[in-house]
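Let's take a walk through this fold together, sheet by sheet and then into the core. Please keep the viewer open as you read.

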Amino acid sequence: MGSTDEGDSQVAKWDPAFTERLVGMLTPMVKRYFRAEVRGLDRFPEGAALLVSNHSGGMFTMDVPIFATAFYRHFGYARPVYTLAHYGVFLGNIGNWLIRAGVIGASRENAAEALRSGGVVVVFPGGDYDSYRSTFSANTIDFEGRTGYVRAAIEAGVPIVPAVSIGGQESQLFLIRGDRLARMIGLDRVRMKILPLTFGLPFGLTSVLPPNLPLPSKVVTEVLEPIDIEDRFGPDPDVAEVDAHVRAVMQQTLDRLSAERRFPVLG
């Protein structure tokens, strides 16, 4: 993964017609089941950008379908959305479909290529660590100290666009992330850093498998003002300082969205 050779490039395999059909199929679920609301798309800058978001919902996270369907309805299909994803999602035939829809392997090479092409690249720095955070601490921005996204934006010379979502951690009850347990039994040696415990339907108390189905929790996503790194932090920005600022503005927004939310699941 990550090769820029045209025959191997995942970025070059994005298929706008296939993506449009997929968006058409996903839209009813996004709009009716999750009652998704995406705010702030008018703030999006022109050209390439790195969208940085928190990640929610465990195995059945809806962050990408919710954002992508709204983005394409707003901007059309001349501007691709690429999502950086863990290599495990590409196993089997589904991997080819995902690549055609703009899901690419999470590597610096792929991110750089997608940004050079003028695309919007979506990254969830917290990954599974974030998407399996406890429901009781759902309103916390936590990237587990990962700052590679800042370096990717600096190297590509593109703005960071923070985005914040709320509601995904109410789609089932996330009890523990299980990162310490995973280390204790050695799962980290096979690149499995968490062993979560959740409660939901139809399996009740379970871990990664069998997965519970998500409840129809209302999900709200808000796109924030773009951050021009050089303009704000100078020509030689400190990565830690940029990361701290991104997380701070995201946390402020998440706190506000949490205060607006009246009831779990219902929104």
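In which sense do strand β3 and strand β5 pair, and over how many bridges? Strand β3 (residues 81-85) and strand β5 (residues 120-123) pair in the parallel sense, over three bridges.

## Ground rules

This is a predicted model, in which local features need pLDDT of at least 70 and side-chain atom pairs count only at pLDDT 80 or more, while totals for chains, interfaces and linings use all residues. Residues are numbered from 1 along each chain as its sequence is written, and side-chain values use heavy atoms, with hydrogens and water left out.

Helices (H or I, at least four residues) and strands (E, at least two) are DSSP runs numbered from the N terminus. Two strands pair if DSSP finds at least two bridges between them.

## The seven-stranded sheet

The pair β3 and β5 belongs to an open sheet of seven strands, with the order β1-β10-β6-β2-β5-β3-β4 and mixed pairing. At its edges are β1 (37-39) and β4 (103-105), each of which pairs on one side only. Between neighbouring strands of this sheet the average turn is 25 degrees, direction ignored. Here angles run from 0 to 180 degrees between N-to-C directions, and axes are lines fitted to C-alpha atoms, for helices over the stretch in contact.

For a landmark within the sheet, look for Tyr82, which stands opposite Val121 in β5. Helix α2 lies across β1, β2, β3, β5, β6 (160-166) and β10 (220-223), and runs at about 170 degrees to β3. Contact, here and below, means heavy atoms within 4.5 Å.

## The three-stranded sheet

Next comes an open sheet of three strands, ordered β7-β8-β9, with antiparallel pairing. β7 (173-176) and β9 (204-206) each have a single partner strand, so one side of each is left without a neighbour in the sheet. Neighbouring strands here are turned against each other by 20 degrees on average, direction ignored. Three bridges link β7 with β8 (residues 197-200); Phe174 has Thr198 as its bridge partner in β8, and Leu173 stands opposite Phe199. On the other side, three bridges join β8 to β9, with Leu205 in β9 as the bridge partner of Phe199. A hairpin of three residues leads from β8 to β9.

Which residues of β8 point to the buried face? Thr198 and Gly200 point to one face and are buried, whereas Leu197 and Phe199 point to the other and are not. Buried means under 20% relative accessible area, exposed over 50% and partly exposed in between (1.4 Å probe, protein chains only). In a regular strand the side chains alternate between the two faces of the sheet.

Leu175, in strand β7, counts as partly exposed because its relative accessibility is 27%. Leaving out residues up to four places away in sequence, Leu175 touches Ser134, Phe136, Leu197, Thr198, Phe199 and Leu205.

## Where α6 meets α9

Helix α6 (residues 148-156) and helix α9 (residues 239-260) pack at an angle of about 110 degrees, with their axes 9 Å apart. That makes α6 roughly perpendicular to α9, a class that covers 65 to 115 degrees (under 35 is roughly parallel, over 145 roughly antiparallel and the rest oblique). α6 brings Tyr149, Val150, Arg151 and Ile154 to the contact, and α9 brings Val239, Val242, Asp243 and Val246.

By type, six of these residues are nonpolar, none polar and two charged. Ala, Val, Leu, Ile, Met, Phe, Trp, Tyr, Cys and Pro count as nonpolar, Asp, Glu, Lys and Arg as charged, and the others, Gly among them, as polar.

## The nonpolar cores

A nonpolar core is a set of buried Ala, Val, Leu, Ile, Met, Phe, Trp, Tyr and Cys residues joined through side-chain atoms within 4.5 Å. The largest one has 50 residues, of which Phe44, Leu50, Phe67, Phe71, Tyr149 and Ile160 touch the most other members. Its largest share, six residues, comes from α9. Apart from this core lies another, of six residues, including Val30, Ala36, Met62 and Val219. In soluble globular proteins, nonpolar side chains tend to be buried together.

Ile160 is a good residue to click on: among its contacts are Leu50, Tyr149, Val150, Val242 and Val246, not counting residues up to four places away in sequence.

## A loop residue

Finally, find Met59 in the loop between β2 (49-53) and α2 (63-75). Met59 counts as partly exposed, at 38% relative accessibility. Beyond residues up to four places away in sequence, Met59 touches Tyr132, Val208, Leu209 and Pro211. The C-alpha atoms of Met59 and Arg262 are separated by 26 Å, and the two residues are 203 residues apart along the chain.
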